[in-house]
Each structure stands twice: as C-alpha cells, then as structure tokens.
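Subject: Handover of a structure and the findings on it

Dear colleague,

Please find below the structure that I am handing over to you. The findings follow it, arranged by topic.

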Amino acid sequence: MQYRAVCRYAAAVIAPAATCVAWVLSLAFHWPTLLTIAWLVSHSAGLNASGIAEAVFQLVVYDALLRMARFASIVLHEVAHLAAAAALIRAPATVWRVAPSHDGTCHLLSCILRHMVPGLVCPGLAVELPKPAVAQSGWLALSLVRAAGLAWSILMPFFLQWVARAYVAESTDWALLWHPLLLGATIAAAGAILSDLPCGPLLGVPAPTGCFCCGNWGLLAPRSGLHDAKRDGRGLFPRVCEQLLAAVLEVVELRGAQAGGVLTFVEEGFGNVSAVRSRTVKPKRGRLSALLFKRFRWGIWRRKAWGLCCRRIRPLPVILLQGHSRFGTSSSPALAETHPHQWLGPQREIVWTYDAASQNWSQKEAEVCVTVTHNGDFDSWELYGSSVQNAALGEWLARVLHHRNSARGDSPKLAGLMDLLVCQGRWFASVRYAFVTVIMQHVDQVCGWERLNSDAPNSVPREGFFAEVARAFEDVFASALKSKPTFRPGVAISRELAADVSLTLQHRLSDRGKETFREWEVSGSVLNQFCERACCYFMEYDLMTAVHAFFEHAEGTFGVSVSCTLWPQSIVLAAKGQPISVAFDTERPLAFWSSEPGSLVTSWPCAKDGAGTRRAATARWDLDDAAGEVIELRAFEGGTVQGHVDAWARGRPSGKLGHAVFFATPAVDATRECQHHILVRGVSLLQPLEALTPESFKRRWVRLWAPPLQTTRFAASADCDPVAADLTDVPAVLSEIEGSWSDRSSLNHQSGQNFACRLIDLLEAESTGGTDVLIFGVESSLWVGQQFAADLKRLFPKLNVLAMSSNWVLGMMQRAQGHMEPRNFSIDPDSFSLSPGAIVLALSHSGSTYPTVWAARLVTQQRVHGFAMSSDFDTVLANSIGQDITKRSFTKTLFSTMAGWRPAEPATVSTLA
C-alpha cells in the first residue's frame, strides 16, 4: 500500500512538471525568438557596452542564425523520413505539406518565410505519404519510418557539438556564430521528440492518417431591438448577441463541436458593406463557443485597427450573425474545411439596385461576397441532364468561376454554386451563368471535350471575355434607363433589353470576342436566347431565387443558410432532410435559428436584476425539412409592415418566385410604425411551387410556454467537469422518471398505457410471421433498445421482437439515388416485413439523429403504430411520428427520459434514464 501511495504521489508531482516542460519546449520550438530574448537578457551587460545599434544588429543576426539552423534541421528530419519511406514503404510520390495551424494551411513559400523572418511564429512542416502505401505497409515499417526522423534530429546536436570542438576556434566571434546554430538544432530535436513520440504533437493540430507530425445557427437583430440599445447595441459585435448565441451553441454543439465559424457584416468606408469571417478548430477539451467568439472578437479588432489606417469600420444598423459548428465527416476538421464557406470570397463589382419606394435604379461599385453554411451531405448536382458527383463538380466550378478552392469537403462546392447563381443586379455574373446554361451543353466542354480532370486543359473563355460582354449589356441597360428611368423589373423589359443587346453584340465585340462566339457557335437564336437568359438572371436571381434554383438540381440532404454582402439585412434558410428552426420574439424585432429546436428555448442574457428570467423568444417556427422549404428573413427599416409589403409587391421581379411576398409574423401589428421590422417570405421545394402565406405560416406557429432552457451548470465555469455534473444529476433524473410514471396524468404514463394496449392487440391477433415490435436507434440508443427487446421477448414469447440499427432500417426502406441495399445481415429487404398493427419504437436521446428521424418517417408510412423516446417531448423525432406540436392534443406516442440536454461526451445520464 505504501508503494502504491508513493507511486501515486510521484505521478501527481511528475506529471504536471513534465507537462509544463513540454509546453515550454513546444513554445520555444514554434517561436524561436523566445530563446533569442533569453540570450539577450543573459548578455545584456556586454550588449549595453557595445551600443544600441550593435546590440540590435547582434540580436537580429542571432535570431536569423537560430531560425536557419532550426529550419535546416527540420528539413533534414523530413528527408530522413523520406529516405526511410523510399527504402521500406516504396512510396516515392511524397508531397510536402504545411501542417494546419491556427492561421490555416499556407503555401510552402509563405511557410518558409515565416520560418526564416526573425520574430514570426513558425508553423509546423510535415511530409504526407500516399494513403494507399501507408495502408499496405506493416507496423514495423511505419515504426522505422517514424523513428528515422526522430533519430536524425536527436543525433544532429551531438554532431554539431563534435564539429565545434574539433574544427571551430574558441573565439568570441565564432561563439556568437556557432551558439545559435547549435541551439537551433537542439530545439528542432525537442520539437521532433514532442511530435514523433506516441503522445503526438503537444502544440498545434495532429496530422492526418499517413502524415507524421454539423449544425447551423445564427441571429438577425436590429440594434434598436436589443434590450438596451444604448448599452447592448454598441460596438461591431454586441456582447448580448454573443451571450445569446453562446447559450444556443451549448446545445447545438451536440451535433458536432470539433470546429466552428461565424460571420457578420460591417460598413467599411463610405457605405460599402464588408464581410468579417472567423473560423477555428477546437482542441479535444474545452468549449467551442468560448474559443470561437474569442477569436471572432480578435478578428473584428484587427479589422478596426486596419480601419484606423485605411477605411474606417462602422457597425450596421442590423446585426446579422451566421454561424456553424461541425464534426469532421466529409472532410477533416481542419480550418480550410470549417464553415462558413466562401468559394470566390470578396470581389469588387459594379452592382445595380432597384428602389421599389422611389422606383429608381442606382449603380455603385460594391464588395460581393456570398457565404454559406451547410449541414448534411451534398452528393451531386444535375448538369445538362446528368448528375455530376461532388469531386468532379469542384473541378468544373474551378474552371467556370476561374478560381480554385482548396477545401475538399462537399459544402465548399455549394458555396461555389451560390457564387454562380446569385446574379441579381450583376451583369458579369448574369452573363457567366447564361453562358453556362445556354451555350454550354455538356460538363466536359470545360476541358475541350476531354474527360473532366485536373490535368485536362481549360476551354472556358477567359474572364476578360465575360467582362467585355457584360459591358455591352451594361451600356444598353444604362441607355434604356436614360429614356425611361422608372421602368420596373419584369419579363417585358427583359425581352426588350435582350433584343437590343443582341444587336449590339453583333457589332461592338472585339475580334477576340467574335472569335470566341464563333468557337462556341453563338449566333442567331442561340444568341437571342443567351441575351434573354442573362437579362432574366439580372432581374430575378436574388439570394432566395438562387438558393431555390440550387435545390432544383441538387441531390442530398441539406440544412443551409446563405448570406451576401449585397443584402446585409437578409438571410436565406433552407431545409431538406436536415432540420432548421427559427425563433421569434413578438415583442421586438429579433430572430435566431438553429439546427436543434431545443436550443431556441433559452433565456435573454440581459434580464435586469429582479426582473426574473425571461425567454429570448416567444415563438418558434420549423421549416418543413421532409418536403423541403426555403425562407428568407429580412429586416426593413422604419415605417409600417404594410408599407414595406406594398412597396415590395410593387417592385418585386416577376418569375418563378414572384408570388412569394413578404409578410409579418403572427401577433405583429402591420399598421404600427417601428424603427425596424423583420418580415418573412418563403416557398416549398415541391412541384408545383407553393408560396408561404400568412395563414399557412400561422398554422405552424408554435408558442413557447416552457421556461427558458437552463444550459448546463458548468457552462458558466470552464473549471466544472460536465461528466461529474452528469453523475451528480443521476439520482434527481431517476427520481423524476419514477414520479412521472406514478402520476397517471403525466404524458409518459399516457403513452405507456397506449403502448400496453397496442401490445395486447398484437397478443390477441393471429401471427402473420412479420415483425410485431421493431425497435431502432444508433449507438447507445440502439444498445438500450436491444436490452428492451430482450426483456420484451422474455415476457411475451409469442411476439416477434426485433431491435436493429436505424441505418439498417433506412437501407431497407429508402429508395434514392446512390442507395445501397444491406445484404450482410440476417434481415434483408426481401425478408423484412411488419405485421399489420405492428409497434415501431424509435430511440434517440437528442430527438434529431438523422437516420433515426428518417427511419421513423419511412416506417410510420405503413400500417403500424409509431412510438418515440427522446430527452424531451418537443423534438424533430416527435414530429416525424405524427405529433403536431402546434395542436393541444397529445397523440400518446411519445416518451421522455427526463434527462434533458447532456453535452458530456459519455452518455451516462441518458443511458441510465
């Protein structure tokens, strides 16, 4: 016992000390200037005697030599890896790669400069081996390859020390030269020890396999609508908005919290709107919200500091925050793969806008930046009658948009398509998209009819050609405005413009432009159709129309938010297969959204002392993700709701979505004048299109009567352990469950009685050989379901009870593009059948697990009795089995574990409940 006590005491003392040493070494490795400063302090007396200029010169030389030796040692370290890999793995096709850092993945040249320039922080370098070669290699070969670089780095300082003693004279000048070289090799060896040992790198992001080294949320709020506009509305990013979104993010993090990002708009210079985006990758422990908003504030501060030297940064009257947190699925949780995504990024263009109130057009040069967040899987997009898979779509976009995006996931391709589709008021974008839809006829045309790949040539006309054609459109449009400055956007004016532009293009194009038209066979009816389509896109394809056009050709599941600097007071939300819910406050203009409906029942962070806790929102509205739906939230300034609705109706462009008009949310007085109003418009993704109306919107309006959500007790303190908090809550949760079953009026008791009656019906009915009770879920929910299935079978041997994964249920019942039927299971689609009146029980702690929700939707379409169990009664899963939360009646088909939201990684409380 004494020996164990001594060991525990030694571990308690040694472990923190070793950790501190490791972090100090890691800091010195990534910032060698720290060692230079230490050398300066130790030699301060001698340097003061030599003068300031001489001291500064010696300091810069010392730091430069130190960094040079460190970088050379790192290069030799990686060369040792390469040599060992070439000999043991036979993988000569290695590529240099800069390890991810907090500033993103840089190019090799930029990385080398950061290594060599005195004073800068040095990013990591790594060698990435081909994954197939790594997968086919044995553990011994990989271990030797890993050890080769480590051994070389450790031997390097000893080799330099031997050279110094044998060949270098012991003079002050030589010591000044040789000391930083030896020290640089030493800290490179320390970095190799920290990175190549099994513990992995202690500073920075771990390297991917073969390398040695999703939810949406956001807010739309006019500053005048904050609790105390003078106090809470000041600054580019008011603290009250951060506190509100941090409370939402505490719940949304359950969908993934490896990385996250947020974007807002600011006024830069004279009325120009600019986007400020910040993204971060979280370490294994810690709260994403705290790290994310800290880095976001730092990004805003940097923009403000830059504005003092160049263009001043000012806050906009409407605050739009567009955020996302994710778990690496389609791509690794690296900074480049983190949302919000932009393909082209900020671009300066000539933009035309139409003011419906004055019925006048205006022109200005503005920054155009389209940003998206996406939750789900973007599988393919239909082009020219065939589906283009995600990987090929990225190559196609790089050629059409003349810009390549290095991110590998599926969501950046969605951002690229939004850059292609958002055309309203932009002749350049309209001409480019018209060229894609009218003149191009096949995907492979971008490669000169070769197979689409990165090595094929680019046959898309240069950007200068599109700019020249766009100038012709703009000149004709400006001439039309001079003759009739108040014309409204519409089909008739688009056709008149198209006819005039068609004649202009036949005479005004340069010789190179005419040659491009001949190469692509643009003449006659094709030219006329091209001009008409470009005018149509210019008039109609605003943010919401572009999102709807994307979904007309998209395959996959989507929860999407899209914004653009041209409409800084608007956000477009779309759901198809992934949930999105929007919360509204009827007392003030405020809207915020989330992929988790439960996160919207949160309190307002700035309630005054003694006023009690109040909800941040009084109502909620869920997008129809089963059928697909797109909505736009827009903040209008001043006046009345009715005045803005009438003005929009007068100036809205005709077209596919011309019947989708703005309206106010329920319980808002349309005749009351306010500083700001938040209006809504929307349309379904079904055919024929159905626009949202105030009546259809109100039918799905959910009043929030529940008390504000108290996010976890440890949320306010980073020192509190969420696992310990869960363990402490176990007795209280179990007691609450027992109390709910003892209360005959409780919802759990009512659902239990209904479940028992359905069991009795199955026991009395004649067996048909099908499954009588089907229980499904994933992970810990599936394990609980399997235990319940075993107990149920033991009690009622007559019943055919089956517990299986939700993914298997989806595989056997879903029919969609890319679907694969499961065949390596005891039950397959041919033998899977449900008895008439069978019981189906879906289990999901969050109530929004994608496979469980969709499996429940598919199964309950048959003649079965659907039940669901989750942590609450108000979930997406509840809606999937027919519980309409807009109605007061209870279907008696829902069970609650009373466990609430549990952000801790171990599912302790939820499993016990």
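A residue is called buried when its relative accessible area is under 20%, exposed when that area is over 50%, and partly exposed in between. Arg700, with a relative accessible area of 26%, is therefore partly exposed. Please bear in mind throughout that this is a predicted model.

Overall composition

The protein has 913 residues, of which 53% count as buried. Its secondary structure comes to 28 helices and 25 strands. The accessible surface is about 42,100 Å², and carbon and sulfur atoms account for 57% of that surface.

Salt bridges

The structure holds 18 salt bridges. As general background, side chains of opposite charge can pair when their charged atoms come close.

Arg700, introduced above, has Glu629 as a partner in a salt bridge, with a distance of 2.6 Å from N to O. Arg700 lies in the loop between helix H21 (694–699) and strand S20 (701–703), while Glu629 belongs to strand S17 (residues 629–637), so the pair ties together parts that are 71 residues apart in sequence. Glu629 has a relative accessible area of 4% and is therefore buried.

A further salt bridge joins Arg426 to Glu349, whose closest N and O atoms are 2.8 Å apart. This pair also links distant parts of the chain: Glu349 is in strand S8 (residues 347–355) and Arg426 is in the loop between helix H13 (411–421) and helix H14 (427–439), 77 residues apart. Both Arg426 and Glu349 are buried.

Asp585 and Arg588 likewise meet through their side chains in a salt bridge, at 3.3 Å from N to O. Asp585 and Arg588 are both buried. In addition, a network of salt bridges links Asp542, Glu632, Arg634 and Arg681.

Strands and sheets

Seven strands form an open sheet with antiparallel pairing, in the order S11-S10-S12-S13-S17-S19-S18. At its edges are strand S11 (386–389) and strand S18 (663–664), each of which pairs on one side only. Within this order, strand S12 (residues 554–564) and strand S13 (residues 570–576) run antiparallel and are joined by four bridges. Gly559 stands opposite Ala575 in S13.

Strand S3 (residues 215–222) deserves separate mention. Eight of its eight residues are buried, so the strand is largely enclosed by the rest of the structure. In a regular strand, side chains alternate between the two faces of the sheet. In S3 both faces are covered: Gly215, Trp217, Leu219 and Ala221 are buried on one side, and Asn216, Gly218, Leu220 and Pro222 are buried on the other.

S3 pairs in the antiparallel sense with strand S7 (residues 318–326) over eight bridges, and Asn216 stands opposite His324 in S7. S3 also pairs in the antiparallel sense with strand S15 (residues 590–594), over four bridges. There, Trp217 stands opposite Ser594 in S15.

Nonpolar cores and a surface patch

The largest nonpolar core has 96 residues, and the members that touch the most others are Trp396, Phe473, Phe477, Leu505, Phe530 and Phe550. A second, separate core of 32 residues includes Leu219, Leu236, Leu249 and Ala616. For Phe550, leaving aside neighbours within four places in sequence, the residues in contact are Phe378, Trp381, Leu414, Leu417, Met418, Leu421 and Phe558.

In soluble globular proteins, nonpolar side chains tend to be buried together. There is nevertheless a nonpolar patch of about 300 Å² on the surface, made by Ile52, Val56 and Val60. Val60 is part of helix H4 (residues 52–88). With 43% relative accessibility, Val60 counts as partly exposed.

Backbone features

The peptide bond from His339 to Pro340 is cis, with omega near -5 degrees. Pro340 is in the loop between S7 and S8.

Glu521, a residue other than glycine, has a positive phi near 60 degrees. Glu521 is located in the loop between helix H17 (511–519) and helix H18 (524–540), and at 64% relative accessibility Glu521 counts as exposed. Lys892 also has a positive phi near 60 degrees. Lys892 lies in the loop between helix H27 (876–880) and strand S25 (894–896), and at 38% relative accessibility Lys892 counts as partly exposed.

With kind regards

Definitions and conventions. Residues are numbered from 1 along each chain as its sequence is written. This is a predicted model: local features need pLDDT of at least 70, side-chain atom pairs count only at pLDDT 80 or more; totals for chains, interfaces and linings use all residues. Side-chain values use heavy atoms; hydrogens and water are left out. A nonpolar core is a set of buried Ala, Val, Leu, Ile, Met, Phe, Trp, Tyr and Cys residues joined through side-chain atoms within 4.5 Å. Buried means under 20% relative accessible area, exposed over 50%, partly exposed in between (1.4 Å probe, protein chains only). Contact means heavy atoms within 4.5 Å. Patches are made of residues with over 30% relative accessible area and no salt bridge: like charges are joined within 9 Å, nonpolar side chains (Val, Leu, Ile, Met, Phe, Trp, Tyr) within 5 Å. Accessible areas come from the Shrake-Rupley method with a 1.4 Å probe; for residues, only the protein chains shown count as cover. A salt bridge is a side-chain nitrogen of Lys or Arg within 4 Å of a carboxyl oxygen of Asp or Glu. Helices (H or I, at least four residues) and strands (E, at least two) are DSSP runs, numbered from the N terminus. Two strands pair if DSSP finds at least two bridges between them.
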